[in-house]
Amino acid sequence: MFRDLHAGPGPLLLPNAWDVASALAFVADGAPAVGTTSLGIAAAAGRADATRAVRSLTIDLAHRLAGLPVPVTVDLEDGFSDDPGQVADLVAALPVAGLNLEDSSAGKLVAPAAHAAKVAAVKERCPDVFVNARVDTFWLGERASAEATVGRALRYVDAGADGVFVPGPLTEAQVRELTGALPVPVNVLATPQHTVPRLAELGVRRISTGSLLFRAALDEAVGVVRRLRAGRPAPSATAYRDVDARTATLG
């Protein structure tokens with residue numbers, strides 16, 4: 001089960017896909033689970049992130065990834081609604097093992113009671129879905145302290161959250177405080193500041209790549225163009241037939 005991956009010998013390193021091809025590539029590389037990235041989905045479609053503009057695209061991708069041989073967890077932003085019942089209805093209709101649900105809307109933190117109500121509604125309707133409650137204090141730079149973050153996170157855990165995700169710039173001391181205070185798996189982003197082994201030592205149980213892979217892919221693509229423009233040969237890449245064959249596995 002997806003939740004079991006949070007209790008392994010090391011943290012779950014979760015690659016976040018923005019389309020079917022990227023998800024299939026991560027699975028082919030051995031990823032035990034795949035997440036989605038709202039920025040990647042939004043940017044690829046020419047839309048702004050965290051504006052509820054990718055609701056239909058997220059739903060569509062979740063259904064397209066249902067045939068993967070590994071668990072899928074989706075980034076649902078704020079649930080695309082202020083109404084807990086509507087968020088629960090949406091989750092109930094998705095073929096996913098988990099989801100991220102963030103406690104901010106339109107770039108501002110929401111009242112923790114309002115977010116806890118969403119978490120509770122989803123868990124009541126979909127008890128087997130792993131709800132990763134995202135706390136956006138550090139991400140937004142609003143009430144960005146470990147104490148405030150733990151306080152909000154505990155409200156969501158009491159509401160039934162299976163894990164807590166705290167994205168943003170965190171010091172080692174802050175990470176350790178979060179993992180020490182929260183009774184559920186703590187999830188952080190992969191960043192240049194902390195290695196996977198060090199985060200494991202600090203008690204982190206899940207490390208998400210977020211939009212990193214999408215942004216790195218853009219950089220790599222531009223790098224290939226520059227390489228060709230400079231008169232250098234094209235780099236090797238996954239064979240055309242291999243990419244096509246992967247896609248065919250989903251029918």
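**A walk through the core and a helix pair**

Let's begin on the inside of this predicted model. Its largest nonpolar core is made up of 59 residues, and L68, V74, L76, L99 and V164 are the ones with the most contacts inside it. Helix 1, spanning residues 20-28, supplies the largest share of this core, with five residues. A second core, of five residues, lies apart from it, and F2, L12, L14 and F130 are among its members. In soluble globular proteins, nonpolar side chains tend to be buried together.

Take V164 as a place to pause. Leaving aside neighbours within four places in sequence, V164 is in contact with N132, A133, V135, A153, V157, L182, V184, P185, V186 and N187.

Now turn to N100, which sits in strand 5, residues 98-102. Is N100 buried or exposed? Its relative accessible area is 9%, and because buried means under 20%, N100 counts as buried. Not counting residues up to four places away in sequence, N100 touches T73, V74, D75, L76, E77, N132, F165 and R206. Two of these partners, V74 and L76, were also named above for their contacts in the largest core.

Our last stop is a pair of helices. Helix 5 (residues 112-125) packs against helix 7 (residues 146-158) at an angle of about 30°, and their axes are 8 Å apart. Since angles under 35 degrees count as roughly parallel, that is how helix 5 and helix 7 run relative to each other. The crossing of helix 5 past helix 7 is right-handed. Where they meet, helix 5 brings P112, A113, H115, A116 and V119, while helix 7 brings R152, R155 and Y156. By type, the residues of this contact are five nonpolar, one polar and two charged.

Terms used:
Residues numbered from 1 in each chain as written. Predicted model: local features only at pLDDT ≥ 70, side-chain atom pairs only at ≥ 80, totals over all residues. Heavy atoms only, no water. Axes fitted to C-alpha atoms, helices over the stretch in contact; angles between N-to-C directions. Helix = DSSP H or I, 4+ residues; strand = E, 2+ residues; numbered from the N terminus. Parallel < 35°, antiparallel > 145°, perpendicular 65-115°, else oblique. Left-handed = near helix turned anticlockwise from the far one by under 90°. Contact = heavy atoms within 4.5 Å. Nonpolar A, V, L, I, M, F, W, Y, C, P; charged D, E, K, R; others polar. Buried < 20%, exposed > 50% of the residue type's maximum accessible area, 1.4 Å probe, protein only. Core = buried A, V, L, I, M, F, W, Y, C linked by side-chain atoms within 4.5 Å.
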